[in-house]
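Q: I'm new to protein structures and a whole fold is a lot to take in. Could you pick one part and walk me through it slowly?

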Amino acid sequence: MGVQLTNSSVRVLGVDPGTIRTGWGVIERTGRAIKFRAAGVITTRGFHSLPERLRIVHAGLVDVIHTWAPHVLSLEKAFLAYNVQSALRLGEARGVALLAAAQAGLRIAEYNPTEIKTAVVGYGRAEKLQVQKAVFALLGGGENPEALGLPVSKDATDALAAALCHLNSTKLTELILTTQGRTQVAGYKGQRQRRTLRNVLPKGTVEKLLATARSRGHS
């Protein structure tokens with residue numbers, strides 16, 4: 001069986017799918033602390049058949065899931081691309097990743113590229129190098145990421161960015177839901193208005209975040 005978790009831990013597998021190189025990364029949140037666990041790249045170079053490449057990607061992800069026992073798979077949503085052939089290949093690799101996660105009973109969270117970059121870098125049009133540096137900073141690697149075993153491959157750091165996006169998104173949603181409940185209880189105890197995210201964020205933004213959380217099953 002995989003690495004065991006405490007009851008309060010949430011472990012996320014991020015995946016950056018591709019038929020040549022599939023990046024993956026595992027991070028874990030315990031309380032407020034986020035820790036890097038592992039990352040790598042599944043490569044299919046040397047295999048010319050697409051079915052064989054997809055088999056290798058699937059087998060590699062199954063092995064990662066078995067070893068690290070994540071709760072959630074986080075990855076980019078399918079999106080339109082100028083190169084139709086590339087988009088089709090990406091879709092096939094995504095399908096393999098989704099299959100491996102579904103077979104293991106993982107919850108699945110999908111985010112568009114802009115959401116991931118905004119959650120990690122704070123800017124939705126960030127370049128890959130900016131994303132990588134932000135991932136290193138968020139996971140405590142700073143100027144010496146290799147000392148913590150963080151990957152230098154941008155495929156792997158893109159996967160870690162997807163995982164970080166999920167933890168950041170669920171953390172904000174949990175805070176909204178918590179403050180919503182506290183505000184409702186406080187209404188019975190007194191009429192003083194408390195400062196909550198509903199007071200700070202526009203109503204439409206809060207409702208959108210709550211709707212997104214419900215559609216993902218609070219994963």
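What follows is a close look at one helix, H2, and its surroundings.

A: Sure, let's start with some ground rules. Residues are numbered from 1 along each chain as its sequence is written, and the model is predicted, with local features needing pLDDT of at least 70 and side-chain atom pairs counting only at pLDDT 80 or more. Totals for chains, interfaces and linings use all residues, while side-chain values use heavy atoms, with hydrogens and water left out.

First, the wider setting. The protein has 7 helices and 5 strands; these are DSSP runs numbered from the N terminus, with helices being H or I runs of at least four residues and strands being E runs of at least two. Along the sequence they follow the pattern β-β-β-α-β-α-β-α-α-α-α-α. Of the 219 residues, 40% are buried (buried means under 20% relative accessible area, exposed over 50%, and partly exposed in between, with a 1.4 Å probe and protein chains only).

Now for H2 itself. This helix covers residues 84–103. Its 20 residues reach 29 Å from the first C-alpha to the last, close to the 28 Å expected at 1.5 Å a residue (the expected span is 1.5 Å times one less than the number of residues).

Which residues of H2 are buried? They are Ala93, Arg94, Val96, Ala97, Ala100 and Ala101. Looking down the axis of H2, you find these buried residues within an arc of 155°, so they line one face of the helix. (That arc is taken from the directions from the helix axis to the C-beta atoms.) Turned away from that buried side are the exposed residues Val84, Ala102 and Gln103.

Gly91 is another residue of H2. It counts as partly exposed because its relative accessibility is 35%. Gly91 sits 72 residues along the chain from Thr19, yet their C-alpha atoms are separated by 9.5 Å.

So what covers the buried residues of H2? The cover includes strand S1, helix H1, strand S4 and strand S5. Contact, by the way, means heavy atoms within 4.5 Å.

Take H1 (50–68) from that group. Its 19 residues should span 27 Å at 1.5 Å a residue, and the 27 Å between its end C-alpha atoms agrees. The buried residues of H1, including Leu61, Val64, Ile65 and Trp68, pack against S1, S2, S3 and H2. Right after H1 comes Ala69, in the loop between H1 and S4. Ala69 has a positive phi of about 45° although it is not a glycine. That's worth a second look because most residues other than glycine have a negative phi.

Next is S4, where you'll find Val72. Val72 counts as buried because its relative accessible area is 0%. Setting aside residues up to four places away in sequence, Val72 touches Arg11, Val12, Leu13, Leu106, Arg107, Ala109 and His166.

One of those partners, Leu106, takes us to the end of H2. Just after the helix, Gly105 takes a positive phi of about 80°. Leu106 lies in the loop between H2 and S5, and it is buried because its relative accessible area is 10%. Apart from its neighbours within four places in sequence, Leu106 is in contact with Ile65, Pro70, His71, Val72, Leu73 and Ala101. Ala101 is on the list of buried residues of H2, and Ile65 is on the list for H1.

Last stop: a pocket. On a 1 Å grid over the protein atoms alone, where a 1.4 Å probe fits, a pocket is an open set of points with protein on both sides within 12 Å along at least five of seven lines, and lining residues have an atom within 4 Å of a point. The second largest pocket holds about 430 Å³ of space (grid points are joined across faces, edges and corners, and the volume is the space filled by probe spheres set on them). Of its 24 lining residues, Asp16, Glu76, Pro113, Lys128 and Asp158 are closest to the centre. H2 is among the elements that each supply at least two residues of the lining, though H5 has the largest share, with 5 residues.
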